[in-house]
Amino acid sequence: MDKLPDPVVYAVPGFILLLIAEMIIARRRDTSRYEARDTLTSLMLGTISQVAGAAVGAAVIGMAVWVYQFRLFDIGIDFRHWWWAWVLCFFLDDLAYYAFHRSAHRVRWFWASHVIHHSSQHYNLSTALRQTWTGFFSLSFLFRLPLFLIGFPPAMAFFCAGLNLIYQFWIHTEAIGRMPKWFEAVMNTPSHHRVHHGVNPRYLDANYAGVFIIWDKMFGSFVAERDDDPVRYGIVKQLGSFNILWAAVHEWVGIAKDVWTAPWRHKLSYMWREPGWSHDGSRQTSAMIKERWVAGRAVEEPAE
């Protein structure tokens, strides 16, 4: 199998420099943007995530190579002759990421792995490093398998996935307001991604894009950031802890408890329904929270 370097490894020094620069800016403009314990938690979660990824990397590559045997087309990896395939792969990889990311917010099994990234109540470049330990266990790699079936070499697809991850680093910041309108129209930006991390009812379940915001606009999940509704960050039920182990596994623990105590006919639903779902209606999903907020606005607006 062809091999390519991991672009994320080469990007790490840039991540560190940008993180330091943002800290300096935050110290001058708004010290509340960084909280020492929160930042340390993000850095430790990110470090262990890399270790976990390396531990299962061979299994993921093996799965990709196995699926690649059944490819529909033979696509070369030489950029000089196959440049268009690289562009197409990057584009389709981002679509695959959108599908994964949307599922990670709508299916509790995937959310249990992804929630770690949303568990900070701060929004800065260190938040970008707050990554999952259990992505392999939740089977999140399945969303990229269609790329190998099409015929994109695993090395090409993994390289594009690395570029996608690198792009997403810089959008985790409050130091940048809005980008030019043409850029905001096509690309994911700090403004768009702040919305995605928001727990305001207006912003729930929105802006799942990795690189191209066009997917959200195409599939009806786009919400623009508003100056009159500043983004509040975190998760609906805030973690309330800087314990890295609890941050990594708390939703898995919640699933295990619910499956254990639920009636038999509802056990699987606590894994495959949306986060916040309950068989007796005692909890609220994000859709329910949003619907209640919309209903409340409808009542209030005539009186304004």
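Is Asp229 buried or exposed in this model? I will come back to that residue shortly, after a word about what we are looking at.

This is a predicted model, in which local features need pLDDT of at least 70 and side-chain atom pairs count only at pLDDT 80 or more, while totals for chains, interfaces and linings use all residues. Residues are numbered from 1 along each chain as its sequence is written, and side-chain values use heavy atoms, with hydrogens and water left out.

Now to the opening question: Asp229 counts as buried, because its relative accessibility is 15%, and here buried means under 20% relative accessible area, exposed means over 50%, and partly exposed is in between, computed with a 1.4 Å probe on protein chains only. Asp229 sits in the loop between helix 10 (214–218) and helix 11, where helices (H or I, at least four residues) and strands (E, at least two) are DSSP runs, numbered from the N terminus. Leaving aside residues up to four places away in sequence, Asp229 touches Asn200, Arg202 and Tyr203, and contact means heavy atoms within 4.5 Å.

Let me turn to the annotations. An unreviewed UniProt entry places the feature "transmembrane region" at residues 7–26, 47–69, 81–100 and 147–170; UniProt positions are given in the numbering used here, feature names are shortened, and annotations may be inferred rather than shown by experiment. Within the model, residues 81–100 are 100% helix and 0% strand, with end C-alpha atoms 30 Å apart, and residues 147–170 are 83% helix and 0% strand, with end C-alpha atoms 26 Å apart. The unreviewed entry in UniProt also carries the annotation "domain: Fatty acid hydroxylase" over residues 86–221, a span that is 56% helix and 0% strand in the model and has its end C-alpha atoms 27 Å apart.

Next, please look at helix 2, which covers residues 36–68. The expected span of a helix is 1.5 Å times one less than its number of residues, so the 33 residues of helix 2 should span 48 Å, and the 45 Å between its end C-alpha atoms agrees with that. Helix 2 nevertheless has a kink of about 50°, centred on Val56, where the bend at a residue is the angle between axes fitted to the seven residues ending there and the seven starting there. At the start of this helix, a side-chain oxygen of Glu35 comes to within 2.9 Å of the backbone nitrogen of Arg37. That is a polar contact, meaning a pair of N or O atoms within 3.5 Å, where within protein one must be able to donate a hydrogen and the other to accept it, and residues adjacent in sequence count only if both atoms are side-chain atoms. Among the buried residues of helix 2 are Asp38, Thr39, Ser49 and Tyr68, and what covers the buried residues includes helix 1 (7–29), helix 4 (108–118) and helix 11 (244–261).

What, then, are the residues with the most contacts inside the largest nonpolar core? They are Phe148, Phe152 and Met156, in a core of 24 residues, a nonpolar core being a set of buried Ala, Val, Leu, Ile, Met, Phe, Trp, Tyr and Cys residues joined through side-chain atoms within 4.5 Å. Two or more residues come from each of helix 2, helix 3 (79–106), helix 6 (145–150) and helix 7 (154–169), and helix 3 gives the most, with five. Met156 touches, among others, Leu4, Ile77, Trp86 and Cys89, not counting residues up to four places away in sequence. Another core, of ten residues, lies apart from this one and includes Tyr97, Val107, Trp109 and Met271.

A few single residues deserve a look as well. Arg194, in helix 9 (residues 190–196), is buried at a relative accessible area of 5%, and a polar atom of its side chain lies 2.8 Å from the backbone oxygen of Ile176. Phe141 lies in the loop between helix 5 and helix 6; Phe141 and Met63 are 78 residues apart in sequence, yet 9.3 Å apart in space, C-alpha to C-alpha.

Finally, most residues other than glycine have a negative phi. Asp205 has a positive phi of about 55° although it is not a glycine, and phi of Asn207 is near 55°. Asp205 is in the loop between helix 9 and helix 10, as is Asn207, but Asp205 counts as partly exposed at 24% relative accessibility, whereas Asn207 is buried at 0%.
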